[in-house]
Amino acid sequence: MSLPARVGTLVVAFLAVVAGGSFLVIHYLLGGPPVVSFTAGSGGGVNIVMQEDPQNTVTSKPDWVSYFIKSPATGRWVHTTLFQVPAGVTVHMTILGYDGCTPLRNPLWGNVTGTVGNVEYVDGKPTSLINSWSGCNVGHTFSIPGIGLNAPMATPSLTASLCSTSPCTSGPHKTMQFTFVTPKTPGNYFWQCRVPCGGGFLDGFGGPMQTTGFMTGNMEVVS
């Protein structure tokens with residue numbers, strides 16, 4: 001193996017160790033949000049259901065927007081953005097969008113990328129782009145930069161009366177569905193909303209947008 005190749009291998013290994021160590025420190029030693037596992041019965045792929053809400057009334061930050069994940073074991077909504085999936089499997093993702101719109105700073109994040117066919121289905125209709133500059137119609141994104149995945153989240157109409165208690169169980173919303181394949185290499189893959197949804201923080205990029213359990217999290221891929 002050449003010297004550049006060896007250096008590259010060492011760098012990748014080091015980053016994997018750092019990511020794994022950070023995951024352990026944050027989620028086990030510091031008592032962070034729970035991890036929802038989707039590793040049982042994964043022969044035909046896994047089905048993940050999430051929702052994003054305009055508030056979070058189950059924490060001490062009720063005005064922070066947030067994602068929730070539905071536990072496959074209990075069927076209950078869990079306030080977390082951490083989930084575990086097997087390596088090299090197909091993930092069928094469904095995200096219920098209950099929040100209103102926040103215009104994208106960069107129209108790039110309106111493109112669907114990294115999904116099977118680079119498409120998502122909004123209320124059953126396929127699309128490869130949600131143009132937030134043509135109308136206020138994007139609330140958040142689900143983006144995993146490590147695998148090039150970006151799925152914009154459509155929103156209810158501007159006049160809709162949004163859900164006010166989380167996790168939402170009724171009320172106007174959009175349903176986003178898309179499929180992607182997890183990496184064959186185990187590791188932690190950071191994901192985040194790319195919409196500046198941290199209201200009251202500088203440029204909207206603080207608060208919930210940078211806090212695990214709200215608008216940023218990890219996809220842990222295991223062998």
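Is the link of Cys101 and Cys136 right-handed or left-handed? With 100° about the S-S bond, this link is right-handed. The structure on display is a predicted model, and the tour below proceeds from its sheet to its core, its salt bridge and its cysteines.

**The sheet**

Begin by selecting strand S6, residues 90-97. This strand is mostly covered, with 6 of its 8 residues buried. Next, add strand S2, residues 46-53, which pairs with S6 in the parallel sense over 7 bridges. Two positions help to align the view: Val46 has Val91 in S6 as its bridge partner, and Ile48 stands opposite Met93 in S6.

Then select strand S11, residues 174-181. S11 and S6 pair in the antiparallel sense, over 8 bridges. Here Leu96 may be found opposite Thr175 in S11. In general, strands of a sheet pair through backbone hydrogen bonds, either parallel or antiparallel.

Now widen the selection to the full sheet. It is open, has 7 strands with mixed pairing, and runs in the order S4-S3-S2-S6-S11-S7-S8. Strand S4 (77-78) and S8 stand at the edges, and each has a single partner strand, so one side of each lacks a neighbour in the sheet.

**The nonpolar core**

Select Met50, Phe83, Val85, Phe142 and Phe178 together. Within the largest nonpolar core, which has 37 residues, these five touch the most other members. Strand S10 (residues 149-154) gives the most to this core, contributing 4 residues. In soluble globular proteins, nonpolar side chains tend to be buried together.

Centre the view on Phe142 and display its surroundings. Leaving aside residues up to four places away in sequence, Phe142 touches several residues, among them Met50, Tyr67, Phe83, Met93, Ile95, Phe178 and Trp191. Its contacts also include Leu149, Asn150, Ala151 and Met153.

**The salt bridge**

How many salt bridges does the structure hold? There is 1, and selecting Asp123 and Lys174 shows where their side chains meet, at 3.4 Å from N to O. Asp123 lies in the loop between strand S7 (120-122) and strand S8 (125-127), while Lys174 lies in strand S11, so the pair ties together parts that are 51 residues apart in sequence. Asp123 counts as partly exposed at 42% relative accessibility, and Lys174 likewise counts as partly exposed, at 27%.

**The cysteines**

Turn to the disulfides, of which there are 2. Select Cys101 and Cys136, whose sulfur atoms are 1.7 Å apart in a disulfide. This pair links distant parts of the chain, 35 residues apart: Cys101 is in the loop between S6 and S7, and Cys136 is in the loop between S8 and strand S9 (138-144). Cys101 is partly exposed, with a relative accessible area of 22%, and Cys136 is partly exposed as well, at 29%.

Next, select Cys163 and Cys168, which form a disulfide with sulfur atoms 2.1 Å apart. With -100° about the S-S bond, the link of Cys163 and Cys168 is left-handed. Both Cys163 and Cys168 are buried. Counting bonded cysteines along the chain, the disulfides follow the pattern 1-2, 3-4.

Finish at Cys193, which is in no disulfide; its nearest cysteine sulfur, that of Cys197, is 3.9 Å away. The cut-off for a disulfide is 2.5 Å between the sulfur atoms, so a pair at 3.9 Å is not counted. Cys193 is buried, with a relative accessible area of 0%, and Cys197 is buried, with 9%.

Key:
Residues are numbered from 1 along each chain as its sequence is written. This is a predicted model: local features need pLDDT of at least 70, side-chain atom pairs count only at pLDDT 80 or more; totals for chains, interfaces and linings use all residues. Side-chain values use heavy atoms; hydrogens and water are left out. A nonpolar core is a set of buried Ala, Val, Leu, Ile, Met, Phe, Trp, Tyr and Cys residues joined through side-chain atoms within 4.5 Å. Buried means under 20% relative accessible area, exposed over 50%, partly exposed in between (1.4 Å probe, protein chains only). Contact means heavy atoms within 4.5 Å. Two strands pair if DSSP finds at least two bridges between them. A salt bridge is a side-chain nitrogen of Lys or Arg within 4 Å of a carboxyl oxygen of Asp or Glu.
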